[in-house]
Amino acid sequence: MQWYFVAALLTVLTSSQGIWTTLSQSNGKYKYDYATIPFLAEFFKLSVSSFFLWKECQSSSPPRMTKEWKSVRLYLVPSVIYLIHNNVQFATLTYVDPSTYQILGNLKIVTTGILFRLVLKRKLSNLQWMAIILLAVGTTTSQVKGCGDAPCDSVFSAPFQGYMLGILSACLSALAGVYTEYLMKKNSDSLYWQNVQLYTFGVIFNMGWLVYGDFKAGFEMGPWWQRLFNGYSITTWIVVFNLGSTGLLVSWLMKYSDNIVKVYSTSMAMLLTMVLSVYLFNVRATVQLFLGIVICIISLQMYFMPVHTLVELPQTLPATAK
């Protein structure tokens with residue numbers, strides 16, 4: 001399976017996440033406990049990975065699996081980072097509005113490139129750095145509202161703490177992605193074995209979050225497992241399947257491609273979601289959206305196309321006879 005096919009599929013699935021989530025609402029509200037969605041998605045990913053790992057173990061050449069605790073415990077780290085990141089997200093939204101938060105979130109594109117270089121020691125060309133910065137500019141441009149829609153200075157009017165938390169959130173998101181790629185590529189273990197370790201901790205932490213929510217609410221609605229599927233519809237199950245499938249594709253990219261491909265896939269998915277929202281939810285198309293799409297396409301070309309197709313190299317002149 002080629003990485004660009006996986007990236008395209010990831011783009012389609014990611015772009016439909018917000019749409020399916022919106023369609024799962026009833027009169028603008030969730031009838032189900034949305035905290036159960038990540039838990040079920042992690043459980044889905046763990047189940048699928050366990051099945052394929054079992055199939056691999058039944059084959060004539062069993063997969064390579066490192067079972068020492070000093071290796072297994074490393075898979076705990078991404079779950080801890082994502083748990084901290086989720087809390088930082090909520091804290092950031094107490095200081096900034098959702099539009100500003102989205103714009104600050106685009107910093108993860110640049111921070112991913114920086115950590116990609118520092119942690120994984122992967123060298124990027126100057127042209128690729130320019131492409132990554134252009135991608136951040138393009139996604140930001142598509143999200144900025146015009147002066148007729150909102151005050152032009154709204155992005156710069158948030159408290160200082162909001163910007164610091166937004167930057168921290170972007171760094172944590174990038175760190176989790178880069179660290180996961182490091183885990184996936186540090187040895188030749190089976191992808192499914194690595195997934196089983198990663199998603200086992202994911203299930204445990206999400207279960208812990210549900211228990212914490214019960215304690216915080218004083219068990220007013222009973223324990224979480226008794227209302228796990230309350231309010232679920234076919235659309236809600238599609239959200240769970242979509243989120244779980246997206247995670248499996250991301251792990252494949254982390255193993256066989258890299259974080260930059262994932263960043264481009266999710267950025268293009270965001271733009272595709274905005275375009276689809278124009279037709280599905282009567283969201284007004286803007287010049288900023290059009291310009292953002294153009295800039296992101298240029299960035300995509302700059303990063304992945306061979307240099308000789310972007311720049312006309314001088315022809316080597318034949319040596320003159322003496």
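Helices α4 and α8 are roughly antiparallel to each other. This is a predicted model, and that pair is a good place to enter it. Helix α4 covers residues 76-92. The axes of α4 and α8 come within 9 Å. They cross at roughly 160 degrees. Angles over 145 degrees count as roughly antiparallel, so the label follows for α4 and α8. The crossing itself is left-handed. By class, the contact of α4 with α8 holds 14 nonpolar residues and nine polar ones. It has no charged residues.

One residue of α4 deserves a look here. I84 lies in that helix. Is I84 buried, partly exposed or exposed? I84 has a relative accessible area of 43%, so it is partly exposed. Its C-alpha atom is 8.1 Å from that of L172. Along the sequence, I84 and L172 are 88 residues apart.

Now follow α8 to its other partner. Helix α8 spans residues 160-185, and helix α9 spans residues 191-216. The two pack at an angle of about 135 degrees. Their axes are 10 Å apart. That angle makes α8 oblique to α9. The crossing of α8 and α9 is right-handed. Which residues make the contact? From α8 come T180, L183 and M184. From α9 come L191, Q194, N195 and L198. Sorted by class, the contact of α8 with α9 has four nonpolar residues, three polar residues and no charged ones.

L198 is worth following further. It is found in helix α9. Its relative accessibility is 11%, so L198 counts as buried. Beyond residues up to four places away in sequence, L198 touches Y75, P78, S79, T180 and M184. Two of these, T180 and M184, belong to the α8 side of the contact between α8 and α9. P78 and S79 fall within the residue range of α4, 76-92. L198 also has a C-alpha to C-alpha distance of 9.4 Å to E42. The two are 156 residues apart in sequence.

Next, helix α2. It covers residues 36-57, and S49 is found there. How accessible is S49, buried or exposed? S49 is buried, with a relative accessible area of 0%. Setting aside neighbours within four places in sequence, S49 is in contact with Y192, N195, V196, Y199 and L248. One of these, N195, also takes part in the contact of α9 with α8. A longer separation can be read from the same residue. The C-alpha atoms of S49 and A285 are separated by 40 Å. Along the chain, S49 and A285 are 236 residues apart.

Two threonines come next. T246 sits in helix α10. Its relative accessible area is 9%, so T246 is buried. Outside its neighbours within four places in sequence, T246 is in contact with L10, L13, T14 and Q17. T273 is found in helix α11, residues 259-280. At 19% relative accessibility, T273 counts as buried. The cut-off for buried is under 20%. Leaving aside neighbours within four places, T273 is in contact with T14, S15 and I19. T14 thus appears in the contacts of both T246 and T273. T273 also has a polar partner. A polar atom of its side chain lies 2.8 Å from the backbone oxygen of A269.

Last come two loop residues. What is the sign of phi at K121? Phi of K121 is positive, near 60 degrees, in a residue other than glycine. K121 sits in the loop between α6 (107-118) and α7 (126-143). Its relative accessible area is 63%, so K121 is exposed. F219 also has a positive phi, near 55 degrees, and is likewise a residue other than glycine. F219 lies in the loop between α9 and α10 (234-256). With a relative accessible area of 38%, F219 is partly exposed.

Conventions
Residues are numbered from 1 along each chain as its sequence is written. This is a predicted model: local features need pLDDT of at least 70, side-chain atom pairs count only at pLDDT 80 or more; totals for chains, interfaces and linings use all residues. Side-chain values use heavy atoms; hydrogens and water are left out. Axes are lines fitted to C-alpha atoms, for helices over the stretch in contact, and angles run from 0 to 180 degrees between N-to-C directions. Helices (H or I, at least four residues) and strands (E, at least two) are DSSP runs, numbered from the N terminus. Angles under 35 degrees count as roughly parallel, over 145 as roughly antiparallel, 65 to 115 as roughly perpendicular and the rest as oblique. A crossing is left-handed if the near helix is turned anticlockwise from the far one by less than a right angle, and right-handed if clockwise. Contact means heavy atoms within 4.5 Å. Ala, Val, Leu, Ile, Met, Phe, Trp, Tyr, Cys and Pro count as nonpolar, Asp, Glu, Lys and Arg as charged, and the others, Gly among them, as polar. Buried means under 20% relative accessible area, exposed over 50%, partly exposed in between (1.4 Å probe, protein chains only). A polar contact is a pair of N or O atoms within 3.5 Å; within protein, one must be able to donate a hydrogen and the other to accept it, and residues adjacent in sequence count only if both atoms are side-chain atoms.
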